[in-house]
Amino acid sequence: MSEYTDQQDEQLEEIVARLWSEDLETAAQAFEDHDRLVDGTCDPPSLVVADSNDAVRILRRMSGLRQALDALSAPFTEEIRRLQERQEEVTRTYRQMLNWLDAASKEPLRTFALANLPDGRKSLPLPYGTLKLRQAPAKLDVTDPEAFCEWARAQGYGDELIRTKEEPNKRALASWFKGAEGEVPEGTVFVPEHTDFSVELRRE
């Protein structure tokens, strides 16, 4: 974050003052007019909390902003839901059309490619795409992972054919650390004991 000039300090002080003295929309406009606050390229100045009145004033404005956000979310959420449903509907139709064309044309296009490929070539460039032939080796496709894993374990191939994802057990690590006498394993960082602070706004 960059440092403030005296002029920027005055502008920010004016914005902070308007946060309390004006209605929410006007205060929001004042905030929005200061580009460097909106785009996050500078930190806001610290607010003075000298007594409970200052604390209540901050919480009142934060609560008002939270209520305004909640009020905005309902219509936007509904519009997003409607657009997502339309997107899913159109996407499903287009994907079905594409899949149908792919299935219906694959063999005719393959036959055409075989008849028109120059000697020694395995691809035929055309406008909008390239027809390609590739020799694929025989293989096994897993269609039922659960049944396959059960078979592999029964046949003694579990370690060889079943892949197990390894990841830290954070709950067990927390218990282990209590008796580890300060040892910090590779791949971890020590976070000292501290008091977390947060603000919970009352919903009205």
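1. In this predicted model, D54 is buried, with a relative accessible area of 15%, and the side chain of this residue takes part in a salt bridge with R57, in which the closest N and O atoms are 3.6 Å apart. The partner is placed otherwise with respect to the surface, since R57 is partly exposed at a relative accessible area of 29%. Because R57 and D54 are three residues apart in helix 4, about one helical turn separates them. An α-helix has 3.6 residues a turn, so residues that lie three or four places apart point the same way.

2. Helix 4 itself, which runs over residues 52–116, deserves attention for its course. The helix has 65 residues, yet its end C-alpha atoms are only 84 Å apart, which falls short of the 96 Å that a straight helix would reach at 1.5 Å a residue. Where does helix 4 bend, and by about how much? The bend is at S105 and amounts to about 45°, and a proline, P108, follows within four residues.

3. At the N-terminal end of helix 4 there is a cap, provided by D51, which has a side-chain oxygen 3.0 Å from the backbone nitrogen of N53. As to burial, the residues D54, I58, R61, S63 and A113 of helix 4 are buried, so that a reader who inspects this helix may wish to look at D54 again in that setting, given its relative accessible area of 15%.

4. A second salt bridge of helix 4 joins the side chains of D102 and K106, with 3.7 Å from N to O. The two residues are four apart in helix 4 and are therefore separated by about one helical turn. D102 counts as partly exposed at 41% relative accessibility, whereas K106, at 51%, counts as exposed; the cut-off for the exposed class is over 50%.

5. Salt bridges that share partners also join E78, R81 and E85 into one network. How many salt bridges does a search of the whole structure find? The search finds nine, and one of the pairs is formed by K165 and E167, whose closest N and O atoms are 3.8 Å apart. Both members of that pair lie at the surface in the sense that K165 is exposed and so is E167. As a general matter, side chains of opposite charge can pair when their charged atoms come close.

6. Turning to the strands, strand 1 (residues 123–126) and strand 2 (residues 129–132) pair in the antiparallel sense, over four bridges, and L124 has L131 in strand 2 as its bridge partner. The hairpin that these two strands make has two residues between the strands. In a regular strand the side chains alternate between the two faces of the sheet.

7. Which backbone angle of Y128 should be checked in the model? Y128 has a positive phi of about 80° although this residue is not a glycine, and its place is in the loop between strand 1 and strand 2. Y128 is also exposed, with a relative accessible area of 93%. A comparable check applies to E181, which is not a glycine either but has a positive phi of about 55°. E181 is found in the segment after helix 7 (170–178) and is exposed, with a relative accessible area of 80%.

8. Helix 5 (residues 145–154) is hardly covered, as the count of buried residues among its 10 residues is one. Just after helix 5, G156 takes a positive phi of about 85°.

9. On the aromatic side chains, a search of the whole structure finds three aromatic pairs. F177 and F190 form a tilted pair, 6.1 Å centre to centre and with 45° between the planes. This pair links distant parts of the chain, with F177 in helix 7 and F190 in the segment after helix 7, 13 residues apart. Are these two rings buried, partly exposed or exposed? F177 counts as partly exposed at 34% relative accessibility, and F190 counts as partly exposed at 48%. Apart from this pair, F148, W151 and Y157 form one aromatic cluster.

Notes. Residues are numbered from 1 along each chain as its sequence is written. This is a predicted model: local features need pLDDT of at least 70, side-chain atom pairs count only at pLDDT 80 or more; totals for chains, interfaces and linings use all residues. Side-chain values use heavy atoms; hydrogens and water are left out. Two strands pair if DSSP finds at least two bridges between them. Buried means under 20% relative accessible area, exposed over 50%, partly exposed in between (1.4 Å probe, protein chains only). Rings of Phe, Tyr and Trp (its six-membered ring) pair if their centres lie within 6.5 Å; planes under 30 degrees apart count as stacked, over 60 as edge-to-face and the rest as tilted. The expected span of a helix is 1.5 Å times one less than its number of residues. The bend at a residue is the angle between axes fitted to the seven residues ending there and the seven starting there. A polar contact is a pair of N or O atoms within 3.5 Å; within protein, one must be able to donate a hydrogen and the other to accept it, and residues adjacent in sequence count only if both atoms are side-chain atoms. A salt bridge is a side-chain nitrogen of Lys or Arg within 4 Å of a carboxyl oxygen of Asp or Glu.
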